[in-house]
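Hi,

Here is the structure I promised to pass on. Have a look at it first, and then read on for what turned up.

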Amino acid sequence: MLFRLAVRNVRRQVGNYMIYFITVALTVALLYAINSIIMGEQIHRVMVTTPDFKTGMKLGVSFISVIVAFVLGYATSFMMKLRKREFGTYLTLGMTRNDILKIFLSETVLICVAALGCGIFSGWFIYQGLMAVIMNLMEMEFALSASPAAGLIFTIQLVTGIFLLSSVTSAVYLKRVSIYDLIHGAKKTERAVKHPLLWMIVMVISLTLMAGSAVVLNQLFKESILDGASTDGASGIMAVFAAGLVLFHIGLAKSVVYLLLKRKRFCNRKTNRFILRQLSGTLSSNAVMIGMLALLLTAAVVVSDVSFIQRGVEQEELDQEYPYDVLFTAEAGGFVMESNEQERKQEETLLRDAESVIGTYTPIVYKALYTTCTSGRNDIYSRTRWQFEGLNDSFMKVSDFNALAEPMGMKPLDLKHEFYIIANTPETGQISWKHMNLDIGDVKYVCKGVIENCPRICYVPVLAVVPVQAVEGMETDARFAAYMLADQKYDAAGLKKRLERMEKKAARRSHQNITYTFLLREYGRYERNSVNAILVTGSLFVALVLMFMAMAVLALKTLSGIEDDRKRYGILFRLGAGRREQGRALFWQTFSFFLMPFIFSVLVSIPVAVMGKNMMKLSGYEKMAEDIYPVAGAVASLMGLVYLLYYSMTYLIARKAVINRSGGRPG
């Protein structure tokens with residue numbers, strides 16, 4: 001009998017349950033999609049550089065599921081308050097609290113089972129979409145794939161756990177609430193805000209705290225890029241910003257109505273005073289919730305923006321760090337390389353064997369050999385404001401640079417008594433080198449400036465390109481071999497493994513402890529794209545879940561006051577307000593409540609984008625920096641769509657319950 005009653009209640013309360021159902025269905029869809037990615041064989045075949053990602057992603061999804069469970073439990077309590085009079089009636093008719101709990105849990109099970117089915121169905125399409133995003137990020141061809149059974153099983157387990165955890169809220173509420181509170185709870189009046197001026201001061205102080213935290217954080221990241229300063233304090237600064245964000249919304253919720261009520265002309269227009277009175281108690285009693293929801297939504301914005309900014313940085317770094325398809329390096333750990341005929345022959349043999357192996361994957365179309373030399377002095381480094389301990393000045397002869405310049409799309413240099421600087425770090429790139437002179441031997445060389453946008457062709461902070469005669473008599477610092485390949489797409493992982501075995505074998509034979517390294521652009525691209533694909537996909541998942549949870553809580557909290565609104569709008573109708581005027585009042589009441597935690601979170605994307613663009617410019621990635629604003633706009637637009645979806649449903653449900661009844665006839 002209780003189950004039949006639960007089925008009847010679900011049919012009768014379908015409007016109130018709609019938002020809860022959609023939220024659960026969307027959450028299940030996202031969980032199923034991300035779990036299918038984690039468990040799928042296709043993703044494991046391409047994620048060769050991140051073998052432990054499955055365990056990490058599963059832990060992350062489980063953690064998010066716990067958050068979802070608590071948020072849905074919070075939402076469930078609103079659902080119960082919508083029907084407190086009904087449950088109170090059940091108790092007076094002789095039902096036990098356990099009977100009511102069984103009815104409500106049965107209703108929730110019916111909704112969750114239906115949402116599970118819809119979520120899994122729609123989750124398959126989201127899975128294909130996310131796989132398309134991953135393949136696009138990894139620059140690989142996408143094809144439809146079947147979702148693994150393990151993903152379905154793990155999703156069902158998570159949803160079951162979410163349901164059990166969220167059900168605890170219902171049990172605790174029904175165990176503690178009294179029959180009087182259930183039946184007469186709606187008659188309780190909301191208390192007026194105490195000390196609104198004090199809360200206004202809290203709001204101003206919190207806003208100042210957030211602005212200060214943002215400035216300090218921006219300066220910390222700037223110093224980290226330019227001076228190599230530590231970012232250990234970043235987490236503490238972000239915690240201060242988060243606390244300020246919550247307190248700002250609490251202070252705003254408790255003082256904004258007071259400020260507006262002071263404007264007599266505004267209050268006397270149409271139903272403005274009625275709207276403000278409606279908002280006064282609602283905002284005050286839900287101030288903490290509004291602050292926490294604003295924090296959730298802000299986290300969703302920041303996570304999304306940062307993930308796309310990081311992807312842009314990775315793409316720029318790829319072009320900087322891998323100017324050639326294959327780059328061979330031989331160096332003695334920062335020491336000079338002695339002239340040893342045996343070592344040179346061994347190195348030549350290694351290169352011949354490596355070239356033969358590379359040729360089995362793709363033909364070599366260009367090869368350039370070059371060296372860097374050292375004078376054993378630190379005339380260049382001594383003129384910087386950083387201490388590069390253990391490093392001596394490094395030089396490259398202009399003929400070697402010119403051999404590299406044309407394949408990199410750079411103009412060759414013509415030097416006589418001049419030199420150019422190649423700055424390989426953001427710090428050294430900020431220095432004005434034009435007025436610097438170098439005395440090498442008996443000749444004075446004048447600096448002509450920095451070679452702009454030069455990729456990394458060696459691994460020292462600063463390199464000077466000098467005429468050929470300037471390096472005569474200098475010791476070899478490191479030797480390099482750069483290769484251009486015919487095909488850009490090949491089995492980079494397989495080639496990397498074979499070359500690594502050759503590196504280790506040659507290093508064991510070396511008498512100077514020389515390190516041999518082959519860097520493959522295709523492998524670097526593959527490795528970075530793998531990490532970016534996981535980062536972006538995981539960030540999208542987290543951001544969407546946080547948005548759905550926050551919007552659902554806002555919607556259900558709004559609908560939980562329908563009983564009060566129905567009576568008050570009935571009074572408004574008897575005072576002469578027509579259906580249109582009531583609709584306008586209800587719109588501004590619900591819209592203002594929805595907007596408060598949402599608007600600031602969207603606006604946060606502006607300083608995040610500005611900071612991201614500045615950081616990328618300081619790092620030398622000006623080209624990719626221009627893409628940050630469109631990305632931030634896209635994230636804000638996505639949040640806006642989710643906001644409109646939930647607000648539209650909430651307003652239509654509230655309007656049907658409040659306006660149609662009170663506006664159709666007097667109470």
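Before the first residue, one cut-off: a residue counts as buried when its relative accessible area is under 20%, as exposed when that is over 50%, and as partly exposed in between. With that in hand, S213 is buried, because its relative accessibility is 8%. Do keep in mind that this is a predicted model.

S213 sits in helix 9, which covers residues 196–227. What does S213 touch, leaving aside residues up to four places away in sequence? The answer is I237, V240 and F241.

Now the overall picture. The protein chain has 23 helices and nine strands. Of its 667 residues, 50% count as buried. If you take the contacts between residues at least 6 apart in sequence, 84% of them join residues at least 24 apart.

Most of my notes are about helix 20, so here are its partners in turn.

Start with helix 18 (residues 521–559), which packs against helix 20 (residues 579–603) at an angle of about 155°, the axes being 11 Å apart. Angles over 145 degrees count as roughly antiparallel, so that is what helix 18 is with respect to helix 20. The crossing of these two is right-handed. On the helix 18 side, the contact is made by M551, L554, A555, K557 and T558. Helix 20 answers with T590, F593, F594, P597 and F598. Sorted by class, the residues of this contact are seven nonpolar, two polar and one charged.

Next comes helix 19, residues 562–574. Its axis and that of helix 20 come within 11 Å and cross at roughly 140°. Here too the crossing is described as right-handed. D565, Y569, L572 and F573 of helix 19 make the contact with Q582, A585, L586 and Q589 of helix 20. That contact divides into five nonpolar, two polar and one charged residues.

The third partner is from another part of the sequence: helix 12, residues 272–285. It packs with helix 20 at an angle of about 35°, with the axes 9 Å apart, and the crossing is right-handed. From helix 12, the residues involved are N272, F274, I275, Q278, L279, T282 and L283. They meet R584, A585, W588, Q589, S592, F593 and M596 in helix 20. By class, this contact has eight nonpolar, five polar and one charged residues.

If you want to follow single residues of helix 20 on screen, try F593, which is in the contact with helix 18 and also in the one with helix 12. A585 and Q589 are worth a click as well: both are in the contact with helix 19 and in the one with helix 12.

On to the cysteines. How many disulfides does the structure hold? Zero. C454 is in no disulfide, and the nearest cysteine sulfur to it, that of C458, is 8.4 Å away. A disulfide needs the two sulfur atoms within 2.5 Å. Seen from the other end, C458 is in no disulfide either, its nearest cysteine sulfur being that of C454. Are they buried or exposed? C454 is buried, because its relative accessibility is 7%, and C458 is buried at 2%.

C458 has some more to show. You'll find it in the loop between strand 6 (443–450) and strand 7 (462–466). Leaving out residues up to four places away in sequence, C458 touches T372, N424, L463 and F480. C458 and T371 are 87 residues apart in sequence, yet their C-alpha atoms are 9.3 Å apart in space.

One last residue, A493, is in helix 17, residues 492–509. A493 counts as partly exposed, because its relative accessibility of 22% falls between the 20% and 50% limits. The C-alpha atoms of A493 and G524 are separated by 9.8 Å, with their positions 31 residues apart along the chain.

That's the tour. Shout if anything is unclear.

Cheers

Notes. Residues are numbered from 1 along each chain as its sequence is written. This is a predicted model: local features need pLDDT of at least 70, side-chain atom pairs count only at pLDDT 80 or more; totals for chains, interfaces and linings use all residues. Side-chain values use heavy atoms; hydrogens and water are left out. Axes are lines fitted to C-alpha atoms, for helices over the stretch in contact, and angles run from 0 to 180 degrees between N-to-C directions. Helices (H or I, at least four residues) and strands (E, at least two) are DSSP runs, numbered from the N terminus. Angles under 35 degrees count as roughly parallel, over 145 as roughly antiparallel, 65 to 115 as roughly perpendicular and the rest as oblique. A crossing is left-handed if the near helix is turned anticlockwise from the far one by less than a right angle, and right-handed if clockwise. Contact means heavy atoms within 4.5 Å. Ala, Val, Leu, Ile, Met, Phe, Trp, Tyr, Cys and Pro count as nonpolar, Asp, Glu, Lys and Arg as charged, and the others, Gly among them, as polar. Buried means under 20% relative accessible area, exposed over 50%, partly exposed in between (1.4 Å probe, protein chains only).
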